[in-house]
Amino acid sequence: MNARQVAIHEAGHAVVAIQYGRKLKAVSIDGAGSTPGHVVIDSSRLEAVLSSSDGLSADDREYLIQEIKIGWAGFAAEKVVLGYFYPWHTEDIHQINAAKLRLGNNFPSAELLEVTIAELSAQLDALMRVAH
C-alpha cells in the first residue's frame, strides 16, 4: 500500500463524512498503529445508536446508512481515482458490518458501495484536493 493510495482512501472517508455533516477530528496517513491511515470522526451518536436496544427511528436509520457509505468511501475513492480497490482495511469492514447488523442482517449494504462510487465521482475535485 503506497502513500498515494492511502491518501486517496482516507480522503474518500473525509469527503463523504463532511458531505453528511460529520465532525472530523483528524485525518492521518502516517502509518502509525495497525493501519496505514485513518479518519477520526466524532462517534458519540454512532455509539448511542449502535448500543441502543430501542427500535430505530427513520433519522437513526438514515444515519446508519450514511455510516455505511462513509465506511465504503475509502474503497470507493480508490475505485474512482485508481480504477481498482482492495478491501484491505478491516476497520472499515467492521464499521460497515456494525451498522448493517443494527439495520438488520439482510440490509443490502454492498449496493451502497456503488452509490458511494457515484457520489465521489461527482465530487472528484474535492476528493483530489483532500488527497493532496
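Student: Why does A99 count as buried?

Tutor: The model is a predicted one. In it, A99 has a relative accessibility of 1%, and buried means under 20%; A99 therefore counts as buried.

Student: Where does A99 lie, and what is A99 in contact with, leaving aside its neighbours within four places in sequence?

Tutor: A99 belongs to helix α4. With neighbours within four places in sequence left aside, A99 is in contact with L50, L64, E67 and I68. In addition, the C-alpha atoms of A99 and I65 are 7.5 Å apart in space, although 34 residues separate the two in sequence.

Student: Why is S121 called partly exposed?

Tutor: The relative accessibility of S121 is 39%. Buried requires a value under 20% and exposed a value over 50%, so S121, lying in between, counts as partly exposed. S121 is placed in helix α5, and its C-alpha lies 6.1 Å from that of V80, a residue 41 places away in sequence.

Student: What makes Q66 count as buried?

Tutor: Q66 has 13% relative accessibility; the cut-off for buried is under 20%, so Q66 counts as buried. Q66 sits in helix α3 and touches Y20 and R22, not counting residues up to four places away in sequence.

Student: What makes the pair of F75 and F85 a tilted one?

Tutor: The structure holds two aromatic pairs. In the pair of F75 and F85, the ring centres are 5.6 Å apart and the planes form an angle of 40°. The distance satisfies the limit of within 6.5 Å, and the angle is neither under 30 degrees nor over 60, so the pair is classed as tilted.

Student: Why is this pair said to tie together parts that are apart in sequence?

Tutor: F75 lies in helix α3, whereas F85 lies in the loop between α3 and α4, so the pair ties together parts that are 10 residues apart in sequence. Ring pairs also link W72, F75 and F85 into a cluster.

Student: Which accessibility class does F75 fall into, and which does F85?

Tutor: F75 has 0% relative accessibility and counts as buried. F85 has a relative accessible area of 27%; as 27% is neither under 20% nor over 50%, F85 is partly exposed.

Student: Which residues have the most contacts inside the largest nonpolar core, and which elements give two or more residues to this core?

Tutor: This core has 30 residues, and I68, W72 and L120 have the most contacts inside it. The elements giving two or more residues to the core are α1, β2, α2, α3, α4, α5 and α6. The largest share, 10 residues, comes from α3. In soluble globular proteins, nonpolar side chains tend to be buried together.

Student: What is L120 in contact with, leaving aside its neighbours within four places in sequence?

Tutor: The contacts of L120 are G12, V15, V16, A73, A76, A77, V80 and L127.

Student: What volume does the largest pocket have, and which residues lie nearest its centre?

Tutor: The volume of the largest pocket is about 430 Å³. Its lining comprises 21 residues, and V39, I41, L46, E67 and Q95 lie nearest the centre. At least two lining residues come from each of α1, β2, α2, α3 and α4; α4 gives the most, with six residues.

Student: How many residues of each class are in the lining of the largest pocket?

Tutor: The lining has eight nonpolar, seven polar and six charged residues.

Notes: Residues numbered from 1 in each chain as written. Predicted model: local features only at pLDDT ≥ 70, side-chain atom pairs only at ≥ 80, totals over all residues. Heavy atoms only, no water. Core = buried A, V, L, I, M, F, W, Y, C linked by side-chain atoms within 4.5 Å. Buried < 20%, exposed > 50% of the residue type's maximum accessible area, 1.4 Å probe, protein only. Helix = DSSP H or I, 4+ residues; strand = E, 2+ residues; numbered from the N terminus. Contact = heavy atoms within 4.5 Å. Phe/Tyr/Trp six-rings, centres within 6.5 Å; stacked < 30°, edge-to-face > 60°. 1 Å grid on protein atoms, 1.4 Å probe; cavity = no way out; pocket = protein on both sides within 12 Å on 5 of 7 lines; lining within 4 Å. Points joined across faces, edges and corners; volume = space filled by probe spheres on them. Nonpolar A, V, L, I, M, F, W, Y, C, P; charged D, E, K, R; others polar.
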